[in-house]
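User: I would like to go through the labels assigned to this chain and see the reasoning behind each of them. Please set every value against its criterion.

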Amino acid sequence: MKKLLKILSILVVVLIALLIAIPYLFKDDIIKQTESFINENVNARVEFEDVRFSMFKRFPDLNVGMNNMIVSGIGQFESDTLVRFESFDAEVDLFSVFGKNIAVEGVYLIQPRVHAKVAADSSVNWDITKPSGEVEEELPDTAAATTGYRVDLKTFRVEQGRVIYEDNTTNMRASLKNLDFELQGDLGADSSAMNLALSVEPVDFKMGAIQYLNQADAQFEAVIGANLAEGRYHLHDNRFTLNGLSLDFDGLVEMLENGRINTDIAFTADKTDFKSLLSLVPAIYMRDFRELETSGQLSLHGNVSGYYKDSILPSVDMNLQVENAMFSYPDLPRKAKNIAISLQTFFDGKQPDNTKVNLERFHIELAGSPFDASFHLMTPVSDPTVDGKIDGQIVLDNLADVVPMENSDLRGTVTSDLRLKGSLSMIERERYDAFQAEGTMNLKDFYFDTRDLPAPMTMNADMVFTPQYLNIKQLDAKIGESDLHFSGNLSNYLHYMLKDGVIRGDFKLSSNYLNTNRFLAEDEVKEVSDTGEVELSLFKVPERVDFKVASSFEHILYDKMDIRNARGTILVRGQKIYLDDFDMDLFDGQLAASGEYSTRDTTRPYVNFNLGVQDLQIENALQTFRIIDTIAPIIKRAKGDISMDLEYTSDLQHNMYPVMESITGFGELRSEKIRLQGSRSFGKVLSALKLTKSEEQSFENIRINFILREGKLIVKPFDVRFAGMDMTISGSQSYKKTMDYLIDMEIPRSAFGGAANQAFDNLVSVAASKGLDIDPGETVNVKANLKGEFSDPDVGLSFGKGSDSTSVKEQVKQTVKETIDKKKEKAEEQVQESAAQKAEEIIASAEKKAEKIRAEARKAAQKIQQEADKKAERILEEAEGKNFLVRQAAEKSAEKVRQEADKRAEQLINEADKKAENIIQQAREKVEKIKKEN
């Protein structure tokens with residue numbers, strides 16, 4: 001017996017030793033295989049420090065853990081960490097693994113960090129699952145089959161979590177810190193009482209420039225009676241608290257087999273003091289909330305009832321009442337008092353047209369200035385009917401006696417007296433006498449100074465409301481030394497607000513001086529000073545807007561651009577912005593621009609512009625057009641004045657920079673003289689020719705015709721004079737900073753120096769003694785091929801029609817030798833030279849003809865679109881003042897005219913491109929045929 005006990009003891013010890021040792025013996029393999037499997041199945045980088053199996057951490061249960069796991073993005077999210085946590089543990093009842101109910105006693109996530117991000121192009125960093133590359137064989141549906149196995153989870157806990165959510169499409173950011181969450185219950189049982197506890201502090205939420213929640217705290221406690229088998233959940237003693245406002249929930253949620261989710265939940269405010277409601281006021285408007293003194297009664301209650309399925313939602317009924325409320329700050333002399341709110345809202349999830357909003361009363365007295373408002377809305381879907389008013393005067397000078405104005409100075413008077421009563425159908429039927437929309441809003445002697453503004457802002461504004469239009473009689477504003485003056489009419493604004501109509505405006509905008517650099521953020525200003533450029537972001541042109549703005553700016557400073565006498569018309573229409581004959585004096589030259597900027601397709605925004613530049617210094621052109629440096633970096637070393645005509649189309653990235661591969665266009669650059677300082681490319685040509693290098697290299701009488709295509713600048717042959725030499729230059733260069741140029745030069749013999757000329761004379765004498773008559777002439781024909789990187793291009797030289805060489809002396813020797821040994825081939829060479837020249841002429845002629853076809857097609861396409869716009873405008877103008885149906889039909893007709901024009905224009909351009917390519921291809925085939933024949 002003792003022997004048996006001894007053996008059993010040894011076996012137990014061995015088993016315990018194995019339980020301890022096995023995870024360590026195979027630890028490296030487990031980590032390697034796990035990491036490999038995860039990375040093969042996700043589009044992300046996954047790393048973790050350790051995988052643990054332990055029988056002793058949560059004895060007698062098995063603990064499976066993972067330490068320091070990091071999930072990082074790839075591509076545009078390469079620098080972002082999606083998920084990171086200190087440890088992840090799962091506690092499993094070891095003996096349950098051998099049965100049919102696997103009991104997971106707990107899942108514990110310690111210090112998780114989640115950073116969810118939506119990029120400007122709407123892509124998200126949490127979409128990391130790799131799509132399957134193969135179509136899986138269809139398998140029989142075993143979901144309904146009962147395996148007899150079940151996993152029971154009893155506890156799920158998150159400790160000290162942090163969640164950040166950023167949405168760059170809406171400029172929204174939310175963060176949750178110190179997040180603790182625990183869910184307890186038997187989730188594997190048919191029914192269970194589940195306890196849920198959530199605590200987060202602080203909570204921050206910002207959208208745009210408004211900080212809605214700042215260092216807020218949130219808690220949620222719930223006891224849920226869950227019948228998991230039938231999908232019924234009873235909510236008991238549920239409380240949600242945000243800042244000072246607590247809501248108690250009680251009711252039932254049912255998950256039905258047909259996909260319906262039934263709800264019947266009542267809610268009511270636990271606290272009835274007014275301060276709990278003020279806790280929800282955006283932080284930007286309510287400072288030092290904890291020091292706030294309040295009084296008054298609050299009543300808030302409602303219910304959520306009905307079902308959710310497809311487009312049907314539960315209905316929500318809510319009632320809010322505030323009576324005789326007040327708030328004040330201890331350090332300020334005056335109060336906001338006699339606050340009264342009576343609001344009832346009903347949202348019908350089944351029949352949304354039954355929805356009602358009834359703000360029966362809103363009243364507040366700020367430092368003795370009363371302000372009243374009311375608003376009623378019915379039948380919002382079929383025929384929006386409104387009844388509202390705003391009446392009051394707020395003396396902003398007194399506002400600082402009521403609300404803390406930290407580091408701010410606010411003065412002026414806001415007066416409003418506005419009535420709005422009627423239905424959309426009245427506007428549509430032009431029953432303006434029946435629809436009451438009248439009143440004024442006035443801003444007088446407004447003054448605002450804060451450290452967030454570069455300078456104090458002043459403003460005066462007068463607006464008059466009628467059913468037909470909103471008349472902005474005057475809006476004059478100044479920020480520091482900059483001024484803006486704005487006036488005009490806004491029509492169809494009621495149809496725009498109440499339904500889905502197009503709002504129209506006809507405005508005048510002017511300024512005597514506008515320094516836009518003062519409005520840039522500090523980091524942007526630094527960026528301007530350091531790099532000379534401002535990083536922009538894509539501006540989405542709003543829908544249902546049709547504005548015409550006649551603008552006039554006497555003096556504008558933007559970045560390093562000095563703009564004067566800017567005049568032109570700006571049109572905002574169809575999610576496009578048009579510039580119509582916009583002219584300005586730019587630095588020491590002039591700029592004329594017309595074209596369009598479109599965000600109709602937000603996944604592919606584009607610009608299509610015609611630009612004309614006259615007498616602009618190159619250094620100023622580089623500050624104005626960043627793309628010049630990308631396509632032609634050699635221009636950075638140039639000095640002089642240029643004039644340029646350019647027509648181009650380009651898709652845009654989300655920082656407003658062109659998608660280089662998409663650029664197409666053509667143009668002409670002109671200059672009387674351009675000076676290059678220290679150009680490495682031309683310096684290498686001069687060195688290869690043993691010519692004297694000069695620090696300054698000048699080109700005279702330049703006229704360059706060029707084509708932009710797929711990120712390439714293609715330069716047609718042009719003649720230029722450089723350092724006393726006549727040149728013909730042609731070729732191309734890429735935005736990837738590579739070049740391929742051919743330079744035909746006629747170099748005077750005198751440019752080679754005495755030694756080179758003596759070599760010429762000696763070789764000519766040798767040739768004469770052999771009976772050869774060679775006339776060296778006064779010039780030498782040289783071809784230079786510049787190819788490769790801009791930073792260090794390769795230079796290939798050939799003289800006359802000879803082979804590559806590196807010196808004139810060697811080339812003349814080769815010429816003499818060829819003349820002696822291959823005199824018979826002279827006729828053949830002449831034929832070949834003639835053929836090559838003919839081939840060049842054929843290709844050049846074809847390219848010229850092709851580009852002419854493309855240019856004419858684009859001009860014709862632009863003319864089609866312009867004529868369509870004019871026709872659409874005439875249709876809309878003829879419908880002005882007529883009934884709604886006529887105007888609606890006119891809008892659809894105008895849009896159809898524009899769409900058909902866009903389609904015809906695109907078809908015309910595509911056909912021209914095909915025709916041009918055919919012409920070039922035919923020319924190439926003809927050249928190949930000539931080469932074979934010779």
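User: Why does Asp-615 count as partly exposed?

Analyst: The model is a predicted one. Asp-615 has a relative accessibility of 42%. Partly exposed covers the range between the buried limit, under 20%, and the exposed limit, over 50%. The value of 42% falls between these limits, and therefore Asp-615 is called partly exposed. The residue is placed in strand E32, which comprises residues 606-617.

User: What makes Asp-615 part of a patch of negative charge?

Analyst: Asp-615 gathers with Asp-588, Asp-641 and Glu-672 on the surface. A patch takes residues with over 30% relative accessible area and no salt bridge, and like charges are joined within 9 Å. Asp and Glu count as negative. With 42%, Asp-615 passes the accessibility requirement, so its place in the patch agrees with that criterion.

User: Which label does Gln-614 receive, and why?

Analyst: Gln-614 is also found in strand E32. Its relative accessibility is 33%, which lies between 20% and 50%, so Gln-614 counts as partly exposed.

User: What does Gln-614 touch, leaving out residues up to four places away in sequence?

Analyst: Gln-614 touches Gly-589, Gln-590, Ile-642, Ser-643 and Arg-670. Each is called a contact because heavy atoms lie within 4.5 Å. As for Asp-585, its C-alpha is 9.5 Å from that of Gln-614, with their positions 29 residues apart in sequence.

User: How do you know that Asp-546 and Arg-573 form a salt bridge?

Analyst: The N to O distance between their side chains is 3.1 Å. The criterion asks for a side-chain nitrogen of Lys or Arg within 4 Å of a carboxyl oxygen of Asp or Glu, so the pair qualifies. The bridge links distant parts of the chain, with Asp-546 in strand E28 (residues 545-558) and Arg-573 in strand E29 (residues 561-573), 27 residues apart.

User: Are Asp-546 and Arg-573 buried or exposed?

Analyst: Asp-546 has 11% relative accessibility, which is under 20%, and therefore counts as buried. Arg-573 has 8%, also under 20%, so the label buried applies to Arg-573 as well.

User: What makes the pair of Asp-744 and Lys-783 a salt bridge?

Analyst: Their side chains meet at 3.1 Å, N to O, and this distance is within the 4 Å cut-off, so the term applies. The two residues belong to distant parts of the chain: Asp-744 is in strand E38 (residues 738-748) and Lys-783 in strand E39 (residues 779-789), 39 residues apart. Asp-744 has 25% relative accessible area and is therefore partly exposed. Lys-783, at 27%, is likewise partly exposed.

User: Which residues are joined into one network by salt bridges that share partners?

Analyst: The network consists of Asp-645, Glu-668, Arg-670 and Arg-703. Arg-670 is also one of the residues that Gln-614 touches.

User: Why do the partners Arg-173 and Glu-166 carry unlike labels?

Analyst: Arg-173 has a relative accessible area of 38%, between 20% and 50%, so this residue is partly exposed. Glu-166 has 18%, under the 20% limit, and therefore counts as buried. The two side chains meet in a salt bridge at 3.5 Å, N to O.

User: How many salt bridges does a search of the whole structure find, and what fraction of the residues counts as buried?

Analyst: The search finds 18 salt bridges. Of the 934 residues, 40% count as buried. The chain contains 14 helices and 40 strands.

Methods. Residues are numbered from 1 along each chain as its sequence is written. This is a predicted model: local features need pLDDT of at least 70, side-chain atom pairs count only at pLDDT 80 or more; totals for chains, interfaces and linings use all residues. Side-chain values use heavy atoms; hydrogens and water are left out. Patches are made of residues with over 30% relative accessible area and no salt bridge: like charges are joined within 9 Å, nonpolar side chains (Val, Leu, Ile, Met, Phe, Trp, Tyr) within 5 Å. Accessible areas come from the Shrake-Rupley method with a 1.4 Å probe; for residues, only the protein chains shown count as cover. The place of a charge is taken as NZ of Lys, CZ of Arg, CG of Asp or CD of Glu. Helices (H or I, at least four residues) and strands (E, at least two) are DSSP runs, numbered from the N terminus. Buried means under 20% relative accessible area, exposed over 50%, partly exposed in between (1.4 Å probe, protein chains only).
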